[in-house]
Every structure is written in structure tokens, then in C-alpha cells.
Amino acid sequence: YEAKQSRNDVCIYRSEMEMAYLRRLSVEQRLRYGLASGSLYMVYQPQVDQTGKAVGLEALVRWQDEELGFVSPAEFVEVAEKSGLMVPLGRFVLETSIREYSLFRNEVGGFVDLSINISVIQFRQPDFVETVLEVLAMHRVSPGELVLEITESLFMSDFERVLKTIERLREKGIRISMDDFGTGYSSLSLLRKLPLDELKIDKSFVDTILEDEKAANMIRSIIAIARSHNMELVAEGVEEEAQASAPVEMGCRRFQGYYFSRPETLDRLKANPALAIGH
Ligand code: C2E
Ligand code: MG
Ligand code: MG
Ligand code: MG
């Protein structure tokens with residue numbers, strides 16, 4: 001009986017693996033097509049200051065496919081990274097968000113920061129810095145308006161080279177933000193070695209800040225390090241008022257989350273008076 005049961009387990013396991021494999025293949029195939037046919041677009045989530053005014057926008061990619069429907073970026077970004085599609089996808093994100101941001105800030109007449117997520121593969125392209133500068137120049141956006149969000153996984157190998165790229169970007173005035181901070185490995189020791197402009201405290205810490213003393217302490221020590229290194233701090237994934245007030249008490253001044261606004265098209269954000277965009 002046992003043997004029979006374990007055989008069944010193997011079968012279930014296999015078919016799940018097969019399903020995941022087939023899903024990956026179709027996401028890859030449809031994404032290749034989607035990149036060429038224009039079914040990807042950008043939305044933007046505001047970062048707000050303590051008064052609720054928008055001081056930044058994070059560009060987030062979206063994909064609505066004819067056959068697959070809505071596919072989350074968490075899924076298709078990973079597929080893109082494994083299938084050679086990350087460079088064209090990253091290029092699309094860079095060009096589209098910088099172009100749309102440029103039109104938007106000319107229209108509203110106010111500056112905010114534009115944050116763009118950069119995948120490891122994209123960041124490691126030899127011409128990455130040149131590409132970013134080129135796209136900025138093309139749309140008359142100054143490097144000082146741009147923030148690039150990277151993750152700790154970038155430092156898993158070839159630390160020195162990554163560091164050089166960061167230094168070149170910062171020399172041009174582009175700011176570097178560490179996304180999902182606290183979820184990766186060796187976070188605190190890494191921080192001391194890196195020239196960063198901003199830390200984004202991961203949603204998982206923000207979520208538990210009210211109940212969990214350990215999470216609160218973790219955030220306190222992150223804030224202390226950020227302060228001593230002159231870094232901007234952003235609390236991510238704020239869903240209720242109390243989750244913003246706790247980090248405020250600890251010294252965090254920037255917030256992002258559904259409580260303030262979901263990611264939206266720029267036209268919809270413009271129409272939200274609470275964000276006071278352009279004022
Ligand atoms: P991320 O960069 O950490 O982005 C924040 C994610 O949290 C976004 O999910 C956002 O919609 C979500 N979020 C913001 N506030 C809240 C909240 O209050 N509650 C909850 N439950 N969620 C909130 P999204 O857009 O699904 O993106 C997921 C991840 O996919 C991103 O995490 C980023 O790692 C990646 N990604 C998204 N767009 C891009 C892109 O253009 N390029 C690259 N390379 N990666 C991207
Ligand atoms: Mg991000
Ligand atoms: Mg994040
Ligand atoms: Mg994330």
C-alpha cells in the first residue's frame with residue numbers, strides 16, 4: 001500500500017512539474033509576441049511624503065495577453081530572465097516609462113522622482129549605463145530625476161563590477177535604490193560597502209510592524225543604518241494608516257502602498273487631488 005501511494009505521489013508531482021513547464025513555455029512564447037505587438041504597458045505607483053503629497057512615481061510593468069489574460073509581472077519577469085527576453089523587456093520599460101514621465105511632468109509642471117525597477121540581467125549588460133543615458137537624453141529627462149531600483153540578488157556574484165556600474169551611474173547623478181530591503185542575504189554587512197541613495201523597506205516588515213516586536217526592531221536598525229549613511233528611506237506596501245505612522249515615529253519619511261494609491265496610469269493619477277501632483 002505504501003509503495004502504491006508513493007507511486008501516486010510521484011505521478012502528482014510529475015504532472016505538476018509538467019504543468020509548470022508548459023505554463024512557462026506558453027508565457028515565454030506569448031511574451032515574445034507581446035513585446036513585438038504592444039500588449040505591455042506601464043502603470044505608476046506614487047511615493048508620498050508625510051503630508052500625502054506625491055514626491056515620486058514607481059514604474060511597474062503590466063501585461064494583458066489575448067490568450068493568457070492578465071499575467072503578473074512577478075511571473076513574467078522571471079520567465080523573461082530565464083529566456084533571453086529580459087533585455088528587450090527592460091528596454092521597453094526604460095523607454096516607455098521615461099517617455100511617459102517626460103510628457104507627464106511637462107504637462108503638470110512639477111517634478112517628482114521616477115523610479116524604475118532594473119533586473120539583474122539588464123543591469124549587467126555592458127552597455128547598460130550608456131543605454132540609460134541615451135534614453136534620458138532622448139526625452140530630455142535629467143539624470144537627477146531618475147532612481148533605479150535594484151535588489152540584493154545583484155550582489156551574489158561579481159561584486160566589484162556591479163559596484164563600478166553603480167559608481168558610474170551615481171557620477172552622472174542617477175540615484176540607486178535597494179528594493180525589498182531586508183529579504184535578501186547579508187543585508188546589513190552589504191549596506192556598509194555600498195554607495196546607495198535609498199532603501200525600500202520590504203512590505204513583509206511593514207506588514208508585521210504593529211504585531212511583531214522583532215520586525216519593529218529590524219526596521220529600527222535599518223533606519224539607523226540608512227540615517228548614518230544619508231540614505232532616503234521608503235516604507236513599501238503600506239495598506240493601512242497605522243502601518244505608516246509606526247515608521248514615521250522611527251524616522252521614515254516616504255511611503256508607498258495601496259493606502260495612498262494603487263499603481264495607475266498617469267492620467268488617472270493626475271486626476272487624484274489627494275496626491276497634489278504638480279502643486
Ligand atoms: P516591487 O518592485 O517591490 O514592486 C512593489 C510591488 O508591490 C508591486 O507589485 C506593487 O503593485 C505592490 N504593492 C504596492 N503597494 C502595495 C500594497 O499596499 N499592498 C500589496 N499587497 N501590494 C502592494 P507588482 O506591480 O505586481 O510587481 C511585483 C514585482 O515585479 C515588483 O516588486 C518587481 O520586482 C517586479 N516588477 C514589476 N515591474 C517591473 C519592471 O518594470 N521591471 C522589472 N525588472 N521588474 C518589475
Ligand atoms: Mg520596486
Ligand atoms: Mg519592493
Ligand atoms: Mg517586490
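In this predicted model, a polar side-chain atom of Q45 lies 3.1 Å from a nitrogen atom of ligand 1, and this pair is a good place to begin looking at how the ligand is held between its neighbours in the chain. Two further side chains face oxygen atoms of the ligand: an N or O atom in the side chain of N117 is 2.9 Å from an oxygen atom of ligand 1, while for D179 the distance between a side-chain N or O atom and an oxygen atom of the ligand is 2.8 Å. On its own, ligand 1 has 800 Å² of accessible area, and the protein covers 80% of it.

The place that ligand 1 occupies is the largest pocket. Among the elements of secondary structure, those giving two or more residues to the shell around the ligand are strand 2 (54-65), helix 2 (73-82), helix 3 (86-108) and strand 6 (175-181), and of these strand 2 gives the most, with four residues. There are 23 residues around ligand 1 in total, and R62, N117, D179, E239 and Y258 come nearest; N117 and D179 have thus already been met through their side-chain atoms, at 2.9 Å and 2.8 Å from oxygen atoms of the ligand. Sorted by class, the shell has ten nonpolar residues, eight charged residues and five polar residues.

Stepping back from the ligand to the whole chain, the reader will find that its secondary structure comes to eleven helices and nine strands. The C-alpha trace spans about 70 × 50 × 40 Å along its principal axes. How does the radius of gyration of the chain compare with that of a compact globule? A compact globule of 279 residues would have a radius of gyration near 19 Å, and because the chain has 20 Å, its value agrees with that expectation.

Terms used. Residues are numbered from 1 along each chain as its sequence is written. Chains are lettered from A and ligands numbered from 1 in the order in which they are written. Side-chain values use heavy atoms; hydrogens and water are left out. A residue is near a molecule or strand if one of its heavy atoms lies within 4 Å of it. A polar contact is a pair of N or O atoms within 3.5 Å; within protein, one must be able to donate a hydrogen and the other to accept it, and residues adjacent in sequence count only if both atoms are side-chain atoms. Accessible areas come from the Shrake-Rupley method with a 1.4 Å probe; for residues, only the protein chains shown count as cover. On a 1 Å grid over the protein atoms alone, a cavity is a set of points where a 1.4 Å probe fits but cannot get out, and a pocket is an open set with protein on both sides within 12 Å along at least five of seven lines; lining residues have an atom within 4 Å of a point. A molecule sits in a cavity or pocket if more than half of its atoms lie within 2 Å of its grid points. Ala, Val, Leu, Ile, Met, Phe, Trp, Tyr, Cys and Pro count as nonpolar, Asp, Glu, Lys and Arg as charged, and the others, Gly among them, as polar. The radius of gyration is taken over C-alpha atoms; the globule rule is 2.2 Å times the number of residues to the power 0.38.
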